[in-house]
Amino acid sequence: MIRAQRGDRAAFGLLAAEIATRFLAVSRRILRDIDLAEDATQQALVAIWRDLPQLRDPARFDAWSYRLLVRACYAEGRRSRTWTPNLRVLAVDEPSVSGGLDDIVYRDQLETAIRRLSVDHRTVLVLHHYEDLTLERVAQILGIPLGTAQSRLHYAMRAMRAALDADDRPAAAEALR
Amino acid sequence: MTTERDRSTRIVLSWLHEDAHENAERVLLRALDEVDTTPQRRSWWPARRYSDMQTYAKVALAAAVAVAVVVAAISLMPRAPVDELGGPGTSATSAPPTGGPTVLPSPSPVVLAFPPPGSLAIGRHSMTRSGIHMSIDLATEGWGSDGSFKIVKNLTDAGFIFWVEAPDGVYENGCPPVVKGPESEDAAVLAAAITGIPGTSLVSGPTDVTVGGHPAKEVVISIAEDSPCVGVMYLWYDEFGGRWPDSLGDTMIVWIVEVDGALVWIDAALRKDSVASLEQEMRDIVASIEFE
């Protein structure tokens, strides 16, 4: 990282390779669109390169880089609202860990539910439950009070659970059996 | 009920962790291509090797002048959302993005995140930091913006700098291993802390002044040419890092302005070989600040 801070592009390439997959996974789950996620990841990586000399404490790299990624996701999220009123469905190549036809129904309902959430809510949900960051850490990355992060997570999880509890889910699941 | 809730939660979390087989190779290659043509933002502290200092001095001398001013918005309210921090805005009033200084008619004030990169026309320029709208009046040509957080004189590396992240406090010891002073949102406390940074000497202050019609504290310090720090020296810090001087021997003027319950932090660095008139030019710019 020190070499990258000093302008060593090869060193930055190694650093970027370490984080690119994780960044793409996070941004894809926030934005629900692979093209937007790739653009956000690219933006974030370039921003990291550009601003890396200004990062004083290497120990803060993770939080700092997450913040740039989230910022890029917000930018792409705004762009998607302007240009693409209907996002494409997130492709899932493999069955879920539990498998079964029920999961197809679950996934559709969950996908619909998460798309109804704002990027703010999705971001907290993904950083906490996918990246396993503490809410304190999430609040720090997003620059919001802890209470706000807690509130967003609560709202997001309630919405996701409500999607599973929808009246039509059992019927739909039954229809697929 | 609890069991059903737990089950729903497990399903949500399981779904969130489903493997979508992201392949980052393509985006990585695209990013690295862009990096090849993207310059890094220069750090504020030149490596303290003698040869580099000479190079830096040459640049400073060639540019004839070097003035640095930092403005940091310290919000006493919740921090600005991530997507509002930094980055250039867009404006029809800005100077051309590249090329030398150009004298143009004074533009109408337009609130921007920051003036876009390039030379800045004589006249008033607006910006927003942490939700605080402000503008400055440039009475002379030769100023340019980096589009993000600083404006520079004669396209050197120094100039007005608008801090992207708000300082939280001042270092009690800015030499590694650093020791942070307590965080504060009180202008008087921060101003007093500035006067005691090791490796600096107090020139004047803290002094009660007015900036843009708001009460402010002014402190002037000089950076020791024989700084006890090796390689790097820090002055004040925020969540992600710290501000450090551009070069040894700088004189730094700090204004901490109280604006409707929030603080706006301004600092300027004057090179030891800068022409004397630059300090007045810099002070004129600060005196021209208007909060909207």
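This report describes a predicted model with chains A and B, from overall make-up to single residues.

## Chain make-up

Chain A is helical: nine helices and zero strands. Read from the N terminus, its elements run α-α-α-α-α-α-α-α-α. Of its 177 residues, 43% are buried. Among chain A contacts with a separation of 6 or more, 67% link residues 24 or more positions apart.

Chain B has five helices and 16 strands. It holds 292 residues, and 44% of them count as buried. For chain B contacts between residues at least 6 apart in sequence, 59% join residues at least 24 apart.

## Nonpolar cores

The largest nonpolar core has 55 residues. A:Ala16, A:Ala20, A:Ala44 and A:Leu69 have the most contacts inside it. Helix H2 of chain A, residues 9-31, gives this core its largest share, eleven residues. Two domains of chain A feed the core: domain 1 (1-88) and domain 2 (92-177) each supply at least three residues. Another core lies apart from this one and has 50 residues. Its members include B:Leu138, B:Val152, B:Val254 and B:Ile256. In soluble globular proteins, nonpolar side chains tend to be buried together.

A:Leu69 is one of the residues with the most contacts inside the largest core. Setting aside neighbours within four places in sequence, A:Leu69 touches A:Phe23, A:Val26, A:Ser27, A:Ala40 and A:Ala44.

## Helix H2 against helix H6 in chain A

The axes of H2(A) and H6(A) come within 8 Å. They cross at roughly 140 degrees. That angle makes H2(A) oblique to H6(A), since only angles over 145 count as roughly antiparallel. The crossing of H2(A) past H6(A) is right-handed. On the H2(A) side, the contact uses A:Val26, A:Arg29 and A:Ile30. On the H6(A) side, it uses A:Val119, A:Arg122, A:Thr123, A:Val126 and A:Tyr130. A:Val26 also contacts A:Leu69.

H6(A) spans residues 119-130. Nine of its twelve residues are buried, so the helix is largely enclosed by the rest of the structure. The buried residues are A:Asp120, A:His121, A:Arg122, A:Thr123, A:Val124, A:Leu125, A:Val126, A:Leu127 and A:His128. Charged residue names thus sit beside nonpolar ones in that list, A:Asp120 and A:Leu125 among them. After H6(A) comes A:Asp132, with a positive phi near 60 degrees.

## Where the chains meet

Helix H3 of chain A (residues 34-51) packs against helix H2 of chain B (residues 25-36). Their axes are 9 Å apart, at an angle of about 40 degrees. H3(A) and H2(B) are therefore oblique to each other. H3(A) passes H2(B) in a right-handed crossing.

Six residues of each helix can be named here. From H3(A) come A:Glu38, A:Thr41, A:Gln42, A:Leu45, A:Val46 and A:Trp49. They meet B:Arg26, B:Val27, B:Arg30, B:Ala31, B:Glu34 and B:Val35 of H2(B).

## Single residues and backbone

A:Leu14 lies in helix H2 of chain A. A:Leu14 is exposed, because 12 other C-beta atoms lie within 10 Å. Its C-alpha atom is 9.2 Å from that of A:Met1, 13 residues away along the chain.

Most residues other than glycine have a negative phi, and most peptide bonds are trans. A:Arg32 is not a glycine, yet its phi is positive, about 60 degrees. A:Arg32 sits in the loop between H2 and H3 of chain A. It is buried, with 21 other C-beta atoms within 10 Å. B:Asp260 also has a positive phi, about 50 degrees. B:Asp260 is in the loop between strand S14 (251-259) and strand S15 (262-270) of chain B. With 9 C-beta neighbours inside 10 Å, B:Asp260 counts as exposed. Chain B also has a cis peptide bond, between B:Gly205 and B:Pro206, with omega about 0 degrees. B:Pro206 belongs to strand S10 of chain B, residues 200-211.

How values were computed
Residues are numbered from 1 along each chain as its sequence is written. Chains are lettered from A and ligands numbered from 1 in the order in which they are written. This is a predicted model: local features need pLDDT of at least 70, side-chain atom pairs count only at pLDDT 80 or more; totals for chains, interfaces and linings use all residues. A nonpolar core is a set of buried Ala, Val, Leu, Ile, Met, Phe, Trp, Tyr and Cys residues joined through C-beta atoms within 7 Å. A residue is buried if 20 or more other C-beta atoms lie within 10 Å of its own, exposed if 12 or fewer, and partly exposed in between; C-beta atoms are placed from the backbone. Helices (H or I, at least four residues) and strands (E, at least two) are DSSP runs, numbered from the N terminus. Domain bounds come from an automatic or database domain assignment. Two residues are in contact if their C-beta atoms, placed from the backbone, lie within 7 Å. Axes are lines fitted to C-alpha atoms, for helices over the stretch in contact, and angles run from 0 to 180 degrees between N-to-C directions. Angles under 35 degrees count as roughly parallel, over 145 as roughly antiparallel, 65 to 115 as roughly perpendicular and the rest as oblique. A crossing is left-handed if the near helix is turned anticlockwise from the far one by less than a right angle, and right-handed if clockwise.
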